[in-house]
Structures are given as C-alpha cells and as structure tokens.
Amino acid sequence: MEQKLRVGILGGTGMVGQRFISLLENHPWFEVVTIAASPRSAGKTYEEAVGDRWKMATPMPEAVKKMIVKNVNEVEEVSKDVDFVFSAVDMTKDEIKAIEEAYAKAETPVVSNNSAHRWTPDVPMIVPELNPEHAEVIPFQRKRLGTKRGFVAVKPNCSIQSYTPALHALMEFKPKVVVATTYQAISGAGKTFKDWPEMLDNIIPYIGGEEEKSEQEPLRIWGKVEDGVIKKADGPIITTQCIRVPVQDGHTAAVFVSFEKKPTREEILDRWKNFRGEPQKLNLPSAPKQFIQYLEEDDRPQARLDRDYENGMGVSMGRLREDTVYDYKFVGLSHNTIRGAAGGAILSAELLTAKGYITAKE
C-alpha cells in the first residue's frame with residue numbers, strides 16, 4: 001500500500017482501545033492519527049487520559065502519548081482527519097448503535113468490536129477466514145443509510161473464536177449438535193487481577209448475555225446474504241455454558257459435537273491442518289499463516305503456553321477423541337483480546353480494505 005490509511009480509535013482509553021493502539025503500532029497499512037474517548041478524557045493527552053490504567057504488557061507507543069484525545073460525541077470533528085475508525089466505546093447498546101451509525105453517515109466506515117450491531121440485518125459480522133462473503137451486504141446497508149462510503153461492520157463475540165473456526169473447517173460433515181462450555185479470561189470483562197482481586201482462587205459460573213451470544217452468533221456467521229440482509233443458518237443446534245475463570249488472557253472451550261456424516265479422526269485433523277481462508281490467500285498483514293493448529297500433548301492447549309500462537313491470531317485445538325454420547329469431543333483456545341477483539345477487528349479491516357470497501361478519503 002503506497003500510503004497508509006488514517007485510522008481513528010473510538011473508546012481508545014479502555015482495554016480494547018489500548019489493544020488496538022498497541023497492535024496498530026508499525027502496521028504496514030494503517031496509522032493511528034486520532035483517538036476519541038468520553039468527554040472526561042477529551043482535551044487531555046492520551047498519556048494523561050490513560051494515566052496509570054495502561055493494561056498492555058508492551059509500553060504505550062511513543063507516537064500516541066502526546067496525541068490530544070477528542071470527544072467521541074463530536075462526530076464531524078473526529079471524522080474529518082480519518083479514513084475509517086475502529087470502535088471500542090463503552091456505552092449502552094442503544095448509544096453505541098446511534099454513535100456508530102452517526103460515524104457511518106458522516107462517510108466514515110466503522111469496524112466495531114462492540115456487540116450492538118451484531119444482529120442489525122444488513123451489518124456484516126465477520127470472522128475473515130469464515131464468512132468474508134458477508135461483506136457483500138455493505139452496499140445494501142449504504143443504501144439504507146444514504147451513504148457513499150460509510151458503513152458499519154462488526155466482529156463477533158470473543159469466546160466463539162475458540163470453537164467456531166474448528167467447526168467451520170468441518171462443515172462438509174454437517175455438524176448437527178454442539179455442546180460447548182467456555183472458560184473465559186478476566187480480560188474479557190476488561191479487567192486485570194489488580195482490578196478484580198475477587199477472581200483470584202475463584203470461578204464465577206455466569207457471564208451476563210454470554211450464553212445466548214455463544215449459541216446464536218455462530219449461526220449468523222454461517223448464514224447467507226439474501227435480499228440485502230443476512231439470514232442466519234438453521235443449524236447446528238448449539239447449547240453452551242460460559243464460566244469466568246482466573247486467567248488473565250485466553251478463552252478455552254470444551255466442545256462435544258455430533259455430525260450427520262461422522263468423519264474419522266484423521267479427516268478432522270486433516271481439515272484443521274489444511275484450512276485456509278481469504279486472509280491466508282490474500283496474505284493480509286495480520287493473518288496467521290496457520291490459522292488452526294492441533295496439539296498432540298494430552299495437557300494442551302493451555303492458556304499461558306498457547307494463547308500467543310501466531311501472535312495471538314491463530315487458534316489451538318487439542319484432546320480430540322471419540323465420545324460415548326456425541327461423536328467427538330475436543331478442547332479449543334483463542335486469545336480473547338487479540339483474535340477475539342482488537343486483532344480480529346484489524347484483520348477484518350484489512351480484508352475490507354483489500355476488497356475495496358475501505359478506501360482513502362479523497
């Protein structure tokens with residue numbers, strides 16, 4: 001790319017916003033030029049606005065420290081110097097819907113980490129390796145919004161990345177029933193152990209709204225674009241439990257699955273190993289070379305050992321074996337704030353750029 005696209009981060013002071021900023025440092029296609037946050041942060045330097053709340057393991061990039069934070073509610077002001085924005089705002093669902101559409105109507109594409117628009121019929125919810133064709137709904141959304149270049153695209157819930165890619169690679173065998181329990185890191189709630197000491201030596205068997213997302217969002221990913229909207233798939237039947245565990249980063253899933261056409265173990269391992277999606281074919285900057293890896297050791301994948309596989313953008317599978325009730329069971333792992341949040345959104349933006357949906361403003 002001859003000239004980098006100019007990027008804004010909405011909600012840049014929170015944990016996911018920080019992850020966006022750290023991942024975009026030295027990005028070959030994108031450059032952060034604007035950071036927007038709540039009115040209480042506006043007018044401060046980014047360094048002042050974040051204060052002692054920088055939660056990344058790597059230092060704050062020098063390029064953003066002295067950047068003056070803008071008021072996220074001043075849509076025209078934030079939009080004027082950027083080609084598109086990433087959204088990680090912390091607001092109510094209705095407020096997020098409104099502000100993301102406001103940016104889109106200001107002719108600024110929005111690639112969102114938030115859940116507010118995941119079920120808006122003409123908004124694509126993309127895992128770039130799984131359903132890149134859902135971007136085809138964007139012209140219909142633009143027509144509804146009355147825009148030429150503005151639109152909203154979203155990424156799905158972080159926890160489903162730990163098992164949906166593995167199932168997607170096996171769709172030729174027609175999964176029919178899926179039972180999954182997810183063991184979700186505290187960073188999924190935007191927390192560290194310093195913020196949330198109650199999680200030490202503890203498990204919480206409830207995460208609000210998470211089970212519905214985990215059961216329904218894969219069906220939207222597997223849906224089809226019809227009549228200008230995305231119609232979700234009829235199956236497989238998915239039932240889940242979602243549990244918060246004392247892990248900083250990395251969502252794990254224990255999965256049971258039955259198929260209409262039961263594959264052999266060798267066929268499953270072959271499909272995982274050889275799965276390639278559009279990001280791999282297009283050689284996108286953030287794309288993992290090997291999206292799905294299988295670990296033969298009985299005690300893998302482990303969050304601490306395997307969450308950073310492929311810079312946090314790959315997913316790890318293990319413990320594949322036949323089951324006495326279902327056909328197979330296995331364990332999956334993904335990095336929830338990289339693949340499951342900011343990194344996944346960046347890869348989506350790369351895909352949308354490669355496909356011509358995101359371009360430089362004239």
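In the predicted model, Arg339 and Glu129 form a salt bridge in which the closest N and O atoms are 2.9 Å apart. Because Arg339 belongs to helix α12 and Glu129 to the loop between β5 (110-112) and α6, the pair ties together parts that are 210 residues apart in sequence. Both Arg339 and Glu129 are buried. Arg339 also appears in the lining of the largest cavity, together with Ile126, Val127, Pro128, Lys155, Pro156, Gln161 and Gly344. This cavity encloses about 30 Å³ of space, and a search of the whole structure for cavities of 30 Å³ or more returns 1. By class, the cavity lining consists of 4 nonpolar, 2 polar and 2 charged residues.

The structure contains 21 salt bridges. Within helix α3 (residues 62-65), Glu62 and Lys65 are 3 residues apart, about one turn of the helix. Their side chains form a salt bridge, with 2.8 Å between the closest N and O atoms. The two partners differ in accessibility: Glu62 has a relative accessible area of 58% and is therefore exposed, whereas Lys65, at 19%, is buried. A further salt bridge joins Lys231 to Glu226, with the closest N and O atoms 3.7 Å apart. Lys231 is partly exposed, its relative accessible area being 36%, and Glu226 is likewise classed as partly exposed at 38%. Salt bridges also link Lys70, Glu77, Lys80 and Asp81 in a network.

Side chains of opposite charge can pair when their charged atoms come close. Arg149, in the loop between α6 (138-145) and β6 (152-154), is buried yet has no salt bridge. The nearest side chain of opposite charge is that of Asp83, at a distance of 4.8 Å; the separation exceeds the 4 Å limit for a salt bridge, so Arg149 and Asp83 are not counted as a pair. A polar atom of the Arg149 side chain does, however, lie 2.3 Å from the backbone oxygen of Thr359.

The largest pocket has a volume of about 1,200 Å³. It is lined by 47 residues, and those closest to its centre are Val16, Ala88, Val89, Asp90 and Asn114. Four helices, α1 (15-24), α5 (93-105), α8 (210-221) and α12 (338-354), each supply at least two residues of this lining. The greatest contribution comes from α1, with 4 residues. In composition, the lining of the largest pocket comprises 15 nonpolar, 21 polar and 11 charged residues.

The volume of the second largest pocket is about 620 Å³. Its lining is made up of 30 residues, with Arg19, Ser22, Leu23, Asn311 and Ile338 nearest the centre. Two or more lining residues of the second largest pocket come from α1 and from α12. Here too α1 gives the most, with 4 residues. The residues lining the second largest pocket divide into 12 nonpolar, 11 polar and 7 charged. Helices α1 and α12 thus each supply at least two residues to the lining of the largest pocket and two or more to that of the second largest pocket.

Several backbone features are located in loops. The peptide bond from Gly235 to Pro236 is cis, with omega near 10 degrees, and Pro236 is placed in the loop between β9 (229-231) and β10 (237-244). A cis peptide bond is also present from Arg300 to Pro301, where omega is near 5 degrees. Pro301 is situated in the loop between β12 (292-295) and α11 (303-306).

Positive phi values occur at residues other than glycine, including Asn26, with phi near 65 degrees, and Lys174, with phi of about 55 degrees. Asn26 is part of the loop between α1 and β2 (30-37), and its relative accessibility of 71% places it in the exposed class. Lys174 occupies the loop between α7 (164-168) and β7 (175-184). With a relative accessibility of 48%, Lys174 counts as partly exposed.

Conventions
Residues numbered from 1 in each chain as written. Predicted model: local features only at pLDDT ≥ 70, side-chain atom pairs only at ≥ 80, totals over all residues. Heavy atoms only, no water. 1 Å grid on protein atoms, 1.4 Å probe; cavity = no way out; pocket = protein on both sides within 12 Å on 5 of 7 lines; lining within 4 Å. Points joined across faces, edges and corners; volume = space filled by probe spheres on them. Nonpolar A, V, L, I, M, F, W, Y, C, P; charged D, E, K, R; others polar. Buried < 20%, exposed > 50% of the residue type's maximum accessible area, 1.4 Å probe, protein only. Lys, Arg positive; Asp, Glu negative; His and termini not counted. Polar contact = N/O pair within 3.5 Å; in protein donor to acceptor, adjacent residues only side chain to side chain.
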